[in-house]
2 protein chains.
Amino acid sequence: MKLLRNALLETFVTVADCGGFSEAQYALGITQSAISIRIRDLETSLGYRLCDRGRGGFRLTERGETVYRRARSMLRSARDFDAGLMELRGTVTGDLRIGVADAVSSLPGLNLTQALQRFGARPNDVQLDITVASPAELTQQLITGALHVAIAPFRNQIADLEYEDLCQEEHRLYCGAGHPLFTLQGQEAAPQDIAQYPLCQRSYDRLPLAGLAAGEPAASAANMEALAMLIATGQYLGPLPAHFADAWVRGGRLREVNGPEMRWVTTFHLATRRGQMHRRAISLFAEDVRRSCQTPPAAPGPG
Amino acid sequence: MKLLRNALLETFVTVADCGGFSEAQYALGITQSAISIRIRDLETSLGYRLCDRGRGGFRLTERGETVYRRARSMLRSARDFDAGLMELRGTVTGDLRIGVADAVSSLPGLNLTQALQRFGARPNDVQLDITVASPAELTQQLITGALHVAIAPFRNQIADLEYEDLCQEEHRLYCGAGHPLFTLQGQEAAPQDIAQYPLCQRSYDRLPLAGLAAGEPAASAANMEALAMLIATGQYLGPLPAHFADAWVRGGRLREVNGPEMRWVTTFHLATRRGQMHRRAISLFAEDVRRSCQTPPAAPGPG
DNA sequence: GAGATACATGAAATTATTTTATGTATGGAT
DNA sequence: ATCCATACATAAAATAATTTCATGTATCTC
């Protein structure tokens with residue numbers, strides 16, 4: 001259903017996404033002629049050109065870029081608006097845009113797969129859309145409405161969003177095969193010993209590594225798997241979530257450094273925009289996440 | 001121009017505003033038949049009834065109320081969206097919804113009339129809409145987008161809004177004819193004397209009346225003129241902006257109590273929603289307000 | 001220069017919306 | 001109870017808006 005439909009804007013956004021009229025006709029399900037006319041009409045009523053096109057290629061004009069961004073956002077609002085009205089009927093519809101942090105799938109204490117199964121098992125007609133991004137990006141997208149919910153360790157919480165604690169994630173310090181500390185069988189390295197080796201960290205969301213050099217890490221990676229690979233080179237020490245590193249440790253590619261002395265805990269949150277909960281799909285999903293989430297024991301036992 | 005038009009929603013909102021189909025046909029410029037069909041189509045696609053109608057009278061259903069509120073807000077966003085796209089053309093259009101506090105027109109140090117004149121003198125095609133409300137209400141309306149700018153003394157500032165100091169307003173303590181303190185010719189009353197008389201205040205935006213009883217005022221009024229009337233009864237002491245009370249004092253209906261000892265200053269702000277300034281009309285108006293505003297001397301001289 | 005691509009355009013066809021004309025139901029007056 | 005006026009619903013006709021079809025123009029590639 002489309003209440004706040006606007007053929008012209010939707011056409012323009014699709015054309016921009018498709019990079020041309022001819023390609024967009026399949027996405028829109030209308031002929032290229034119709035697209036040509038719609039874009040012409042839109043440009044006429046706006047009074048300026050939105051894109052340069054022709055055999056020479058397709059390109060948005062500067063204003064076209066602006067209109068594209070705003071129109072995208074407006075159409076998203078319109079879809080959410082429609083979904084909200086449909087939900088008054090009792091049915092749960094619309095799309096639900098979920099953002100999660102890296103490597104959330106193996107997080108113990110939060111079974112996201114189960115949460116998604118539960119949500120899917122409800123009588124609903126919701127189109128799910130899941131993306132992975134850094135906490136900062138997730139925050140940004142929640143604010144603009146590009147996302148409805150996000151699950152990540154939100155270190156900086158902002159007033160516009162609403163946060164709910166979900167579970168803890170334990171980070172430990174690891175080294176890779178070839179690292180001087182890799183061969184220490186069962187022994188522990190002295191903290192001051194550890195401090196002299198180069199560190200790698202995630203480029204966003206740096207842990208406050210108490211006891212280690214607080215300076216710039218020697219290397220960083222935007223992605224958990226990428227970070228693990230860095231550590232696995234044997235050139236760096238680096239923190240990883242225990243649940244994530246486990247597979248690597250079992251594979252003999254990583255080894256924990258110093259055991260219980262070098263462990264940190266971060267909290268995962270479920271974040272939504274304030275007042276956004278009036279979309280039923282959102283609060284239902286939040287409920288499913290909550291149910292698939294058991295707070296781990298306060299004192300983490302040995303892996 | 002209407003890009004994000006939706007005949008159905010607009011029809012529904014207008015019908016609700018008009019309280020019936022027959023009346024709405026004049027507002028919408030279409031026949032009652034067309035309205036009937038549009039509302040039926042809207043209800044059909046939503047799957048629920050929006051209003052009860054007929055000879056028995058017109059009434060929104062419960063869901064209708066919800067849809068009405070949301071649709072109003074959505075249509076407002078759509079209008080602002082359109083205005084934003086039009087402004088990319090260079091012209092300044094759309095509507096500009098301004099909210100001001102009570103009695104802002106006589107505020108010295110801020111010539112709002114002049115600001116409006118300046119704005120009107122610019123080449124633009126903007127539809128102005130000015131409302132008067134309490135700071136709390138203005139804040140609420142800025143957040144929802146019902147207002148674009150507001151001018152008032154905002155004592156509680158919130159993160160979502162952006163505030164800019166405009167000017168000071170001096171408040172003094174007054175009594176009315178018939179009040180025991182009214183006849184004190186040139187003399188001052190002792191502060192502890194003053195404290196025993198009942199006070200009246202504005203129901204919102206209470207001044208911190210240093211030196212006076214901080215308890216509940218004996219009377220309150222939501223409006224400046226109403227407050228002045230309360231004081232003029234001779235039954236209460238009360239604070240008023242000096243610029244506002246002047247006319248009453250000259251008319252012999254009010255008299256200042258205690259002169260320089262009983263004066264308070266509040267700051268007027270111009271508030272907008274963060275990131276809202278990309279509507280050109282808004283920033284132009286803000287500029288006009290700024291230019292029509294001279295900060296008064298730090299130490300206020302005698303009236 | 002031929003062929004292909006990418007979009008524009010006029011006329012016809014189709015689809016959507018509105019009006020006209022009339023119907024139904026209800027409250028109030030007699 | 002009957003009649004009238006009000007308020008909305010509906011079918012059919014009229015009008016308007018949109019889309020397709022068929023074809024045209026320009027440009028890029030070879």
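**Two protein chains and a DNA strand**

In this predicted model, a polar side-chain atom of A:Thr31 sits 2.7 Å from a phosphate oxygen of DNA strand D. A:Thr31 is one of 18 residues around this strand, and it belongs to the group that comes nearest, together with A:Arg38, B:Ser22, B:Ser33 and B:Ser36. Of the atoms of DNA strand D that come within 4 Å of the protein, 62% are in sugar and phosphate.

Two of the serines of chain B reach separate parts of the strand. The side chain of B:Ser36 has an N or O atom 2.6 Å from a phosphate oxygen of DNA strand D. For B:Ser33, a polar side-chain atom lies 2.6 Å from a base oxygen of DNA strand D. The surface near the strand draws at least two residues from each of three helices: α3 (32-46) of chain A, and α2 (21-28) and α3 (32-46) of chain B. By class, this surface has nine polar, five charged and four nonpolar residues.

The next topic is how the two chains meet. Here 27 residues of chain B are in contact with 27 residues of chain A. The size of an interface is often given as the accessible area lost when the parts come together. Chain B and chain A bury about 2,700 Å² between them, with 65% of that area on carbon and sulfur atoms. There are zero salt bridges between the two chains, while six residue pairs are in polar contact across the interface. On the side of chain B that touches chain A, α3 and α4 (62-87) each supply at least two residues. The largest share of that side, 12 residues, comes from α4(B). By class, the side of chain B has 15 nonpolar, seven polar and five charged residues.

Chain A itself is assigned three domains: domain 1 (7-86), domain 2 (93-167 + 266-291) and domain 3 (169-265). The C-alpha centres of domain 1 and domain 2 of chain A are 30 Å apart. Six residues of domain 1 and nine residues of domain 2 take part in the contact. These two domains of chain A bury about 550 Å², and carbon and sulfur atoms give 41% of it. In domain 1, A:Arg76, A:Asp80 and A:Ala83 lose the most area to domain 2, together 73% of what that side buries.

Three salt bridges are counted between domain 1 and domain 2 of chain A. A:Asp80 forms a salt bridge with A:Arg279, their closest N and O atoms being 3.6 Å apart. Three residue pairs are in polar contact across this domain interface. The side of domain 1 that touches domain 2 has three charged, two nonpolar and one polar residue.

Notes: Residues are numbered from 1 along each chain as its sequence is written. Chains are lettered from A and ligands numbered from 1 in the order in which they are written. This is a predicted model: local features need pLDDT of at least 70, side-chain atom pairs count only at pLDDT 80 or more; totals for chains, interfaces and linings use all residues. Side-chain values use heavy atoms; hydrogens and water are left out. A residue is near a molecule or strand if one of its heavy atoms lies within 4 Å of it. A polar contact is a pair of N or O atoms within 3.5 Å; within protein, one must be able to donate a hydrogen and the other to accept it, and residues adjacent in sequence count only if both atoms are side-chain atoms. Helices (H or I, at least four residues) and strands (E, at least two) are DSSP runs, numbered from the N terminus. Ala, Val, Leu, Ile, Met, Phe, Trp, Tyr, Cys and Pro count as nonpolar, Asp, Glu, Lys and Arg as charged, and the others, Gly among them, as polar. Contact means heavy atoms within 4.5 Å. Buried area is the accessible area (1.4 Å probe) that two parts lose on being put together, summed over both. A salt bridge is a side-chain nitrogen of Lys or Arg within 4 Å of a carboxyl oxygen of Asp or Glu. Domain bounds come from an automatic or database domain assignment.
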